Amino acid sequence: MPLAVEHPELLTYRDEFPLLQRKTYLNSWALGALSQRSMQGMARFMEVWNEWGAHAWYHGWMDEIVQARKNFASLIGAQVHEVAIAPSVSAALSSIASALDYNTRKKVVLSNMDFPTLAYQWLAKERLGVECRFVKSPDGIYMPPDLFATEIDNQTALVATSHVYYTSGYIQDIRSVADIAHKNGAYMLVDDYQGTGQIPINVNTLDVDFLVSGTLKWLLGGPGLAFVYIREGLLPSLAPTIAGWFGHRDQFQFRVDELIFRPEATKVEMGTPAMAAVYAANGGMDIVLEASVKSICERTRYLTNDLIARARERGWTVRAPQEPDLRSSIVMIELDEPQEIVNALIARNIVVDSRPGLLRISPYFYNTIEENALVIEAIAEILEQKKKA
Ligand SMILES: Cc1ncc(COP(=O)(O)O)c(C=O)c1O
């Protein structure tokens with residue numbers, strides 16, 4: 001795992017993000033900042049549309065989709081034909097969920113700290129006989145891989161869980177969970193939405209069968225585009241029971257009476273993609289690839305460790321792993337009425353977020369130690385004012 005390293009050279013990217021000149025932006029876990037590159041990409045999208053009308057598809061739009069798949073494939077160590085696009089992670093998950101056979105194996109194992117949309121795919125299938133089982137974190141931070149072993153058995157079709165937990169920032173030991181799943185003949189699916197871009201990942205090293213992620217957060221690409229990875233060996237037999245014309249092998253033959261899926265992962269693609277989002281996403285992914293996920297992770301870890309140390313110095317309880325190399329850039333501070341603090345910070349031009357009982361701060365590589373100091377000082381002042389009120 002990468003160490004904490006300052007990487008001051010990454011600060012040159014601050015000029016790419018006009019938002020950072022106006023605000024202290026510490027909320028990338030929810031939405032990455034908008035870059036000049038994404039804005040230029042969206043301007044190109046409009047230019048091509050305006051110039052060519054429907055022929056825009058052949059004058060850039062189709063190529064941009066191919067580029068998005070390539071960018072994502074290189075971020076996760078996959079081959080391009082193993083990657084498909086989707087409008088959201090929820091939609092990508094629905095395709096995968098539709099393709100599995102629950103007749104012989106009806107159990108799906110998840111954890112209680114995953115993002116809810118992951119579980120919803122299989123909870124929605126309970127009336128078809130699917131059984132969801134949830135392993136429970138002992139402390140709301142960690143998830144020891146052995147806990148999965150207590151639920152996974154020869155009735156398990158799939159294990160689906162997060163690489164990085166949005167609830168605590170903990171980086172889960174996916175390889176160990178995948179080994180338990182595979183030993184029992186189950187598939188392994190990873191939700192990497194809170195990881196891709198900020199934490200290096202390689203689907204082959206982690207031995208996962210499916211991975212979903214999107215561009216909203218650490219990939220700096222905004223809303224409207226997500227990805228699904230399907231391991232090459234599964235492609236020939238994987239047959240979704242939801243479909244669209246973009247997944248047809250002979251899409252432009254327009255055959256109405258026969259559905260033949262593409263041989264690649266694009267078999268799960270459904271309908272016309274939101275092209276502005278694809279352009280914006282490529283701008284963001286271009287920056288992440290250029291800066292390198294390893295360097296981003298090292299700098300983000302440097303900032304996160306500093307932020308946690310500052311919060312603890314104030315006597316606040318931080319919900320984060322003790323071991324720095326298991327942390328990601330999602331820092332939860334236990335504080336009363338966090339939404340009030342968020343609002344008071346907004347009034348000071350500082351953007352963070354909250355969940356019940358928790359203030360959430362997420363520095364990214366484009367943030368600075370000074371911004372960490374500023375947000376901690378501001379919170380302390382706001383708490384002091386609340387005490388006096
Ligand atoms: C870990 C994780 N998975 C999934 C989602 C939801 O993805 P989508 O809205 O694209 O379905 C989020 C969104 O915040 C998330 O943090």
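Helices in this text are DSSP runs of at least four residues, numbered from the N terminus. The model is predicted.

**Exercise 1.** Determine how Phe 45 and Trp 49 are placed in helix H2, and classify their ring pair.

*Solution.*
1. Helix H2 spans residues 36-52, and Phe 45 and Trp 49 are four residues apart in it, so about one helical turn separates them.
2. The ring centres of Phe 45 and Trp 49 are 5.7 Å apart, with 45 degrees between the planes.
3. Rings pair if their centres lie within 6.5 Å, and planes under 30 degrees apart count as stacked, over 60 as edge-to-face and the rest as tilted. The pair of Phe 45 and Trp 49 is therefore tilted.
4. Phe 45 has a relative accessible area of 11%, and Trp 49 has 49%. Because buried means under 20% and exposed over 50%, with partly exposed in between, Phe 45 is buried and Trp 49 is partly exposed.

**Exercise 2.** Apply the same analysis to the rings of Phe 365 and Tyr 366, and identify their aromatic cluster.

*Solution.*
1. The centres of these two rings lie 5.3 Å apart and their planes stand at 45 degrees, so this pair is tilted.
2. Phe 365 is buried, at 0% relative accessible area; Tyr 366 is also buried, at 0%.
3. Phe 365 and Tyr 366 belong to one aromatic cluster with Tyr 13, Phe 17, Trp 218 and Tyr 364.

**Exercise 3.** Describe the largest nonpolar core and the surroundings of Met 188.

*Solution.*
1. The largest nonpolar core has 73 residues, of which Phe 148, Met 188, Phe 365 and Tyr 366 touch the most other members.
2. Helix H9 (residues 275-291) contributes the largest share of this core, eight residues.
3. Leaving aside residues up to four places away in sequence, the contacts of Met 188 include Leu 158, Ile 174, Val 208 and Phe 210.

**Exercise 4.** Identify the residues around the ligand and the polar contacts they make, and locate the charge over Tyr 193.

*Solution.*
1. Around the ligand are Ser 88, Val 89, Ser 90, Phe 115, Thr 117, Asp 191, Tyr 193, Gln 194 and Lys 217.
2. On the backbone, an N or O atom of Val 89 lies 2.8 Å from a ligand oxygen atom.
3. Among side chains, an N or O atom of Asp 191 is 2.7 Å from a ligand nitrogen atom, and one of Gln 194 is 3.1 Å from a ligand oxygen atom.
4. Lys 217 lies over the face of Tyr 193, at 5.0 Å from the ring centre.

Definitions and conventions
Residues numbered from 1 in each chain as written. Predicted model: local features only at pLDDT ≥ 70, side-chain atom pairs only at ≥ 80, totals over all residues. Heavy atoms only, no water. Core = buried A, V, L, I, M, F, W, Y, C linked by side-chain atoms within 4.5 Å. Buried < 20%, exposed > 50% of the residue type's maximum accessible area, 1.4 Å probe, protein only. Helix = DSSP H or I, 4+ residues; strand = E, 2+ residues; numbered from the N terminus. Contact = heavy atoms within 4.5 Å. Phe/Tyr/Trp six-rings, centres within 6.5 Å; stacked < 30°, edge-to-face > 60°. Lys NZ or Arg CZ within 6 Å of the ring centre and 35° of its normal. Near = heavy atom within 4 Å. Polar contact = N/O pair within 3.5 Å; in protein donor to acceptor, adjacent residues only side chain to side chain.
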